[in-house]
Amino acid sequence: MPVVDVDPDELRSLTGHDEKSDEELKEDMFGLGLEFEGETEDGEFQLEFAPDRLDRLSVEGVARSLRYQYGDDRGVYVPKTNDPDWTIEVDESVPDERPYVTGAVIRGVNLSESALDSLIQLQEKLHATMGRKRVKGAIGIHDLTMLKGTSAGEDGGNSIQYVGVEPDEDVFVPLDSDVEMTPAEVLTDHPTGEKYADVIADYERYPAIYDDIGLFSFPPVINGRRTEVSTESRDLFVELTGTDQWTIDKMCNIICYALDARGATIEEVTVDYPDKDVYAGDKVELVAPDVDLVRPNFETSDKTVRHSRIESLLGINLDPEEVVDLLERAGLDAIQAENDDGELVYEVDVPPYRVDVLHPLDIVDDVGRAYGFNELEPTYPEVGTVGGRHERTGLEDAVRDQLVGLGFEDMLNFHMINERENYERMRLDPDADDCLGAGQPVTITEPYSEDYTMVRSWALPSLMMVLENNTHRSYPQDIAEVGFAAHYDDSVDTYVAERRTVAGALARHDASYEDAKARLQALARNFEVELTTPPTTHPSFIDGRTAEVRIDGEVAGVVGEVHPAVLVEHDLEVPVTAFEFDLDAL
């Protein structure tokens, strides 16, 4: 979880509670769920944050939450904004991999040394969390006085352009440098460029932002030196680019709220998209042509939560007026209402900087924190139960014990894999009928890494990857795993058919079909089930040396000698024999 440095003196100043001692502040922040991890050499608190409240990744955000906790502020606060004078024009040449942009103008901010340090820290913490290391969203903050806007037409105002450029098309002086570089040179010759080169390594054209003078921002890598922010800066231009409009809009909101706490005035920016579909706000689809978004988006969202749900989850009785009071002390607005069943509910407004409120349970959590979890009295449940091992877990452990007794080393592999490892390198077609491991994959919509894009449909590919990584070790290598596998199935309520699987592989110079079958027979005998192995075919195994695994007459898996093409694909120079079957068959 992220650790943020917070100056206690700044915290006292922003909360308006100079009388608070350091120990009192620590205790108050612990009530917010912020754990004290130590102090820096300069005496700043090091606080560990839960990953949900990203609006607290700065001293300004912590101070806002404390003011609500102290009762100094109540309800939803939305900063006032001035009408837009600046426009971000999005060109058709913008890379498809990074099509979205948002921004805001900040005027009249007082950037002391500590305020600037806090802003930079917030920027980098947002990059690391919501921005997914700048892949999903990246923030650029510029000194507005150093920008020269292009005339925005009949309505006046200024504009900048978000475009795509060739790697060597233009030059600019990046931060922490005094020489002109092309974007391509930044990625190879600048420390920051080298660090984030992988983010745009596959782009044919690079994202770039221009004003009337020239290139001043190379997102998501680095800003230009011309617009560098200092303690002398009073007006700022904030721009964010990314792969998702909602994400960068929320990141922008958090930045704006932090600067508003410093006394700044927020000015809107118009984002002018070309003819394309744009997703904005809370996942609302806006269909162009010529979509103009006005940002920052300070619209509140709403949730409905039942009074009975609050009381049952917190285990306390609350008056409706008390619930409304607690919600306002949590920085929310609420009104009482009735649902279709006549139940008392609360219609809750959520401020635009809150990215964590996804479900009514999040509202209940806010009520509990405002009430004080330390104030809740523990109670015994009305029904006494005794914990115990689940029957399936007991079976898994028993199978593992048997496999270890048969000479296997127990493996614990990731359940996530990618399509190439799961299918292609195993010579397996996902559309193959009645074939172990086949089936449409359960994929991740936005995978964090290309190595983990789906849930594995069988365990044998994971064992082959282990053998591939262990070619430097001596043989024999007998490994097994009792694990999880799944595939897409629209006949299941969740559309995901899950199963527990047992897989084993023997890698040795004399490995044969008989070696794997002998271990299967020992397993079947120990679990008092009937094992038969009629011949079959499977693309991952050698024809004529492959059989079905039938347990008590039901097809449960496959056993055989791994195909030479699979061995070559995994750089294995010894034969491998393997088996896999459903755990439930035992």
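This tour moves through a sheet, a pocket and some salt bridges of a predicted model.

Residues are numbered from 1 along each chain as its sequence is written, and side-chain values use heavy atoms, with hydrogens and water left out. Because the model is predicted, local features need pLDDT of at least 70 and side-chain atom pairs count only at pLDDT 80 or more, while totals for chains, interfaces and linings use all residues.

**The sheet**

Select residues 3-6 and 35-39, which are strand 1 and strand 2, the edge strands of an open sheet that each pair on one side only. The sheet has 3 strands in the order 1-3-2 with antiparallel pairing; strands (E, at least two residues) and helices (H or I, at least four) are DSSP runs numbered from the N terminus, and two strands pair if DSSP finds at least two bridges between them. Add residues 45-48, strand 3, which 4 bridges join to strand 2, and look for Gly 38 opposite Gln 46.

**The second largest pocket**

Next select Asp 28, Gly 31, Leu 32, Gln 69 and Arg 369, the closest to the centre among the 26 residues that line the second largest pocket. A pocket here is found on a 1 Å grid over the protein atoms alone, as an open set of points where a 1.4 Å probe fits, with protein on both sides within 12 Å along at least five of seven lines, and lining residues have an atom within 4 Å of a point. Helix 2 (22-31), helix 3 (59-70) and helix 10 (360-371) each supply at least two lining residues, and helix 3 gives the most, with 5.

**Salt bridges**

Stay with helix 2 and select Asp 22 together with Arg 12, which form a salt bridge whose closest N and O atoms are 2.9 Å apart; the term means a side-chain nitrogen of Lys or Arg within 4 Å of a carboxyl oxygen of Asp or Glu. Arg 12 lies in helix 1 (residues 8-15), 10 residues from Asp 22. Arg 12 is buried at 11% relative accessibility, whereas Asp 22 is partly exposed at 29%, where buried means under 20% relative accessible area, exposed over 50% and partly exposed in between (1.4 Å probe, protein chains only).

Then move to helix 11 (residues 391-405), where Glu 396 and Arg 400 are 4 residues apart and so separated by about one helical turn. Their side chains meet in a salt bridge (3.8 Å, N to O), and both residues are buried.

Finally, select Glu 468 and Arg 425, whose side chains meet in a salt bridge (2.9 Å, N to O). Glu 468 lies in helix 13 (residues 460-469) and Arg 425 in the loop between helix 12 (419-422) and strand 22 (442-443), so the pair ties together parts that are 43 residues apart in sequence.
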